[in-house]
Amino acid sequence: MASNVILRTVELIVLLNIIAAVITVFREKRDISSIWAWLLVLIFFPVVGFMIYFILGRKLSNKHIFNLQAQEAMGIDRIAEHQAALLSANDGRSEAEAFIRLFLKNDEAIFTQANAVKIFDDGYEKFTALLFDIANAKHHINVEYFTIYDDEIGNQIINALTQSAARGVRVRVIYDMWGSHGRHKRLFKPLKDAGGQVEAFLMPWWQPFTFRINNRMHRKLVIIDGNIGYVGGFNIGDQYVGKFKKFGYWRDTHLRIAGDAVLAMQSRFFLDWNATTRKAKIDFADEYFPSPVVQGNVAMQIVSSGPDSEVKQIYQGYLQLFARAKESITIQTPYFIPKQAMLELLQLAAMAGVKVRLMIPNRPDHVFVYRATQYFARELMLAGGEVYTYEGGFLHAKVVVVDGKFASVGTANMDIRSFDLNFEVNAFMYDQTIAQDLEAQFENDLKQAKRVTEATYAAQSHWLTFKQMFSRLLAPIL
């Protein structure tokens, strides 16, 4: 009798757990693969699965989404007329026209051509240049980073911003609460005392921390005086200059841009700022959108994406790049967890004779993510792609180059989290010199890389193979 009661109780708990899992997963709109992955976690890991969902599965509230969608882009009209002339001049003959039209439609990303670009692949060089530009700012500095750590480099940057604010420069900082490990009141206090403004992205000031990992502000932007902009993979902290033994040398890619594209970066920052702040919203002002003082010739679009839009702008851009490749596709990414459509495009390209090369780290910073990366890298390799692991430290660059003509550098990883869940920003560039410079960086990195072969996987343990296959099942929620 007692055993029957226990059995019925267990059956009831299992049934209630299944019902709760179904309600939890279907209460928000999700990709079908994500639905199955979360059902797997919630049903097979009762209680613990719901704790994982509480941290990894929850999305932004409708209020936050509305705040973002309600913001009006400003300053873009300053280069819209020039853009129309450029498109008219191309008259459908430009190889880049398909990309230009796509981003205009899915993100209203203004096409710009008067840009000078410097590429950084070393943290010290990037921070040295950034500190110099901060020290020479005259009117304003707008900063937006996923991670600002309270360490030596973090304090260097904040001290430089504080000094600029003290001499009358308008300084604004947006940081992500999770990426920066909580609210660093001590770190930001001198900047605030000097007149700078600091906001945690879409997070009330009274909420010191959040256990929602999804929908993070993963962008890294700096705009100085409306004519200098930084975008790329480096966050702010000591590990990004190789001071963490766990990661060793930090290999990343970042851009310093001067020209028309900075106005698009400025507009993106103001959208995020006005959606985040409660009392310090910004209205359009001429001084924030000046005529560029540097005239280069790099054509580009600044493309942003995030969960505030049903359209996956950066993901679509990657698909367009891969679909149009005729000779080569070169990818550097710390996380390679592509959606099925992207994986098949890359596999088809490799099988059709396109030289597809992928470089990933040789070590994990997130174990399940890295095991899934290894699984999908093998799938690409089996189709004829070349896969390399970077052995010179930790590879964090987010770079795509196609046919030595088109390139993308930004904050978006090659994974579902960047495509669907986080707020990202990339520079898509249509310039042969820049593309070839990035390919040259890849060639240089090959000197410190190992090629992954089928023998590499055959030599690994059965347990490691199982972890890779299991992590692949969780790919939609990693």
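Helix α7 (residues 123–135) lies across strands β1, β2 (140–145), β5, β6 and β8 (254–259), and it runs at about 155° to β6. This is a predicted model, and the strands that α7 crosses belong to an open sheet of 7 strands with mixed pairing. Another open sheet, also of mixed pairing, is formed by 8 strands, and the structure holds 25 aromatic pairs.

**The sheet of 7 strands**

- The strands follow one another in the order β1-β8-β6-β5-β2-β3-β4, with β1 (115–120) and β4 (197–200) as the edge strands, each of which pairs on one side only.
- From one strand to the next, the twist in this sheet averages 10°.
- Strand β5 (residues 221–224) and strand β6 (residues 228–232) run antiparallel and are joined by 4 bridges; within this pairing, Leu 221 has Val 231 in β6 as its bridge partner.

**The sheet of 8 strands**

- Here the order is β9-β18-β16-β15-β10-β12-β13-β19, and the edges are taken by β9 (299–305) and β19 (449–452), each pairing on one side only.
- The twist in this sheet averages 15° from one strand to the next.
- Strand β13 (residues 386–390) pairs with β19 in the antiparallel sense over 4 bridges, and the bridge partner of Tyr 388 in β19 is Arg 451.
- Helix α6 (residues 97–107) packs on this sheet, where it touches β9, β16 (406–410) and β18, and its direction makes about 35° with that of β9.

**Aromatic pairs and a charge over a ring**

- A pair of aromatic rings is described by the distance of the centres and the angle of the planes.
- Among the aromatic pairs is the one between Tyr 240 and Trp 250, which is edge-to-face, with 4.9 Å from centre to centre and 85° between the planes.
- Because Tyr 240 lies in the loop between β6 and β7 (250–251) while Trp 250 lies in strand β7, this pair ties together parts that are 10 residues apart in sequence; both residues, Tyr 240 and Trp 250, are buried.
- The ring centres of Tyr 318 and Phe 428 are 6.1 Å apart and their planes stand at 50°, so this pair is tilted.
- Tyr 318 lies in helix α11 (residues 313–323) and Phe 428 in strand β18 (residues 424–430), so the pair ties together parts that are 110 residues apart in sequence; Tyr 318 and Phe 428 are both buried.
- Tyr 318 and Phe 428 also belong to a cluster linked by ring pairs, together with Phe 103, Tyr 315, Phe 322 and Phe 419.
- Over the face of Tyr 315, one of the residues in that cluster, lies Lys 339, at 5.0 Å from the ring centre.

Notes. Residues are numbered from 1 along each chain as its sequence is written. This is a predicted model: local features need pLDDT of at least 70, side-chain atom pairs count only at pLDDT 80 or more; totals for chains, interfaces and linings use all residues. Side-chain values use heavy atoms; hydrogens and water are left out. Two strands pair if DSSP finds at least two bridges between them. Helices (H or I, at least four residues) and strands (E, at least two) are DSSP runs, numbered from the N terminus. Axes are lines fitted to C-alpha atoms, for helices over the stretch in contact, and angles run from 0 to 180 degrees between N-to-C directions. Contact means heavy atoms within 4.5 Å. Rings of Phe, Tyr and Trp (its six-membered ring) pair if their centres lie within 6.5 Å; planes under 30 degrees apart count as stacked, over 60 as edge-to-face and the rest as tilted. Buried means under 20% relative accessible area, exposed over 50%, partly exposed in between (1.4 Å probe, protein chains only). A charge sits over a ring if NZ of Lys or CZ of Arg is within 6 Å of the ring centre and within 35 degrees of the ring normal.
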